[in-house]
Amino acid sequence: MYGWLWRSLPGRIAAKLAVLLVLLVAVLAVLFLVVFPYVEANLPFADVTVGSPDHS
Amino acid sequence: MRPSTIRAGKSPRGQRLVSSRLGDGIRTLARGLGEVLLTVGVVLLLFAGYEVFGTGLINAHKQSELTAQLNASWTSGEDPITQAPEIGEGIALIRIPKLGKDYVKVIVEGTSRAALADGPGHYTASALPGDAGNFAVAGHNGGNGSPFEGLHRLEAGDPIIIETRDTYFVYRVLGDPRAGGASAPDSDGLVGKQVVQASEVGVVLPVPNRPGEMPHRRLLTLTTCKESFFTIERLIIHAELAGQPRPKADGVPPEQMG
């Protein structure tokens with residue numbers, strides 16, 4: 001998987017590393033800004049109320 | 001045997017070893033599986049980090065925003081708590097000196113998940129601070145800044161101070177320190193600190209656990225998870241208004257100094 005990724009990146013080592021860095025940042029951004037908040041909202045960690053979570 | 005024959009993948013007798021196409025396939029598959037498992041592990045660790053630290057950072061930022069908004073409202077003469085606040089809007093400040101001299105959080109309106117991610121949330125159907133009945137507030141114990149992480153340390157008589165635009169309300173955790181403390185029931189059967197099932201909505205009623213009764217006491221109730229990141233039981237703190245509400249013109253209440 002990672003071997004294939006490394007081989008299919010164009011250019012020399014420096015160019016490959018630069019592209020990898022950008023990819024890594026993009027993946028982390030998606031995880032932290034989209035995936036994790038979504039997952040957290042659907043896990044019961046957040047429940048601190050009595051009654052249903054949206055009890056009012 | 002000579003090293004070169006091993007590198008060539010031959011046995012000493014010159015036969016090919018298992019390095020057939022099948023062997024290559026299995027190796028590729030195993031390596032791929034290993035990489036996937038490692039990746040999943042790293043992502044799970046990142047998520048754990050996000051839960052414990054990331055949500056705290058987001059919450060700290062949101063709390064400072066809410067503080068600025070609430071102060072701006074108060075300065076401009078508005079008082080969101082009395083003006084049908086929207087869900088998620090800051091309505092009051094809560095201070096619990098036992099949890100730290102500088103412990104102050106903005107209470108937001110409502111107990112939706114989105115509201116509680118920003119700060120302790122006021123159960124919309126419950127009373128307002130200082131009113132007869134039950135001013136009930138839920139807050140996180142693990143993650144999202146963990147505003148109510150230390151509630152288990154509260155004991156009978158500990159002050160909880162609610163600040164609105166014009167007034168300080170000093171509540172004290174129920175219980176007589178000389179007679180069982182926060183876990184001994186008072187004359188109405190109320191205790192200062194208890195653990196209940198998440199389904200026990202009675203604790204936030206105007207008269208806790210007595211549906212339909214007219215309130216005469218001025219109570220404050222805090223609810224949170226019993227354990228950090230664990231959800232079956234709730235830790236409940238009941239407190240009662242001590243003395244008269246204190247106009248802000250009279251200055252900061254002495255209890256706030258810890």
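Two strands pair if DSSP finds at least two bridges between them. By that rule, strand β3 (residues 121-122) of chain B pairs with β4(B), since two bridges join them. The model is predicted. This briefing covers strand pairing in chain B, the nonpolar core, the helix contact between chains A and B, and some individual residues.

**Strands β3 and β4 of chain B**

- β3(B) and β4(B) run antiparallel.
- B:Gly121 stands opposite B:Ala138, a residue of β4(B).
- Strand β4 covers residues 133-138 of chain B and is mostly covered.
- Five of the six residues in β4(B) are buried.

**Strands β5, β6 and β10 of chain B**

- Strand β6 spans residues 167-173 of chain B.
- Five of its seven residues are buried, so β6(B) is largely enclosed by the rest of the structure.
- Strand β5 (residues 159-163) of chain B pairs with β6(B) through five bridges, in the antiparallel sense.
- Three residues form the hairpin connection from β5(B) to β6(B).
- Within this pairing, B:Ile160 has B:Tyr171 of β6(B) as its bridge partner.
- β6(B) is also joined to strand β10 (residues 246-247) of chain B, by two bridges.
- β6(B) and β10(B) run antiparallel.
- Here B:Tyr168 is bridged to B:Arg246 in β10(B).
- In a regular strand, side chains alternate between the two faces of the sheet.

**Nonpolar core**

- The largest nonpolar core has 49 residues.
- B:Tyr171 and B:Ala239 touch the most other members of that core.
- Leaving aside neighbours within four places in sequence, B:Tyr171 is in contact with B:Pro159, B:Ile160 and B:Ile162.
- Under that same condition, the contacts of B:Tyr171 also include B:Leu220, B:Ala239, B:Glu240, B:Leu241 and B:Ala242.
- B:Ile160 is thus both a contact of B:Tyr171 and its bridge partner.

**Chain A and the helix contact with chain B**

- Chain A has two helices and zero strands.
- Chain A has 56 residues, of which 12% count as buried.
- Two packed helices are described by the angle between their axes and the distance between the axes.
- Helix α2 (residues 13-41) of chain A packs against helix α2 (residues 21-75) of chain B at an angle of about 80°.
- The axes of these two helices are 11 Å apart.
- Angles of 65 to 115 degrees count as roughly perpendicular, and α2(A) and α2(B) are therefore roughly perpendicular to each other.
- On the α2(A) side, the contact involves A:Leu31, A:Phe32, A:Phe36, A:Val39 and A:Glu40.
- On the α2(B) side, it involves B:Val43, B:Leu46, B:Phe47, B:Tyr50, B:Glu51 and B:Gly54.
- By class, this contact has eight nonpolar, one polar and two charged residues.

**Positive phi in chain B**

- Most residues other than glycine have a negative phi.
- B:Ala84 has a positive phi, near 45°, and is not a glycine.
- B:Ala84 lies in the loop between α2 and β1 (90-95) of chain B.
- B:Ala84 is exposed, with 8 other C-beta atoms within 10 Å.
- B:Asn209 also has a positive phi, of about 70°, without being a glycine.
- B:Asn209 sits in the loop between β7 (193-197) and β8 (218-227) of chain B.
- B:Asn209 counts as partly exposed, with 15 C-beta neighbours inside 10 Å.

**B:Thr67**

- B:Thr67 is part of helix α2 of chain B.
- B:Thr67 is partly exposed, with 16 other C-beta atoms within 10 Å.
- B:Thr67 and B:Lys105 are 38 residues apart along the chain.
- The C-alpha atoms of B:Thr67 and B:Lys105 are separated by 8.2 Å.

Conventions
Residues numbered from 1 in each chain as written. Chains lettered and ligands numbered in written order. Axes fitted to C-alpha atoms, helices over the stretch in contact; angles between N-to-C directions. Helix = DSSP H or I, 4+ residues; strand = E, 2+ residues; numbered from the N terminus. Parallel < 35°, antiparallel > 145°, perpendicular 65-115°, else oblique. Contact = placed C-beta atoms within 7 Å. Nonpolar A, V, L, I, M, F, W, Y, C, P; charged D, E, K, R; others polar. Buried ≥ 20, exposed ≤ 12 C-beta atoms within 10 Å, placed from the backbone. Core = buried A, V, L, I, M, F, W, Y, C linked by C-beta atoms within 7 Å.
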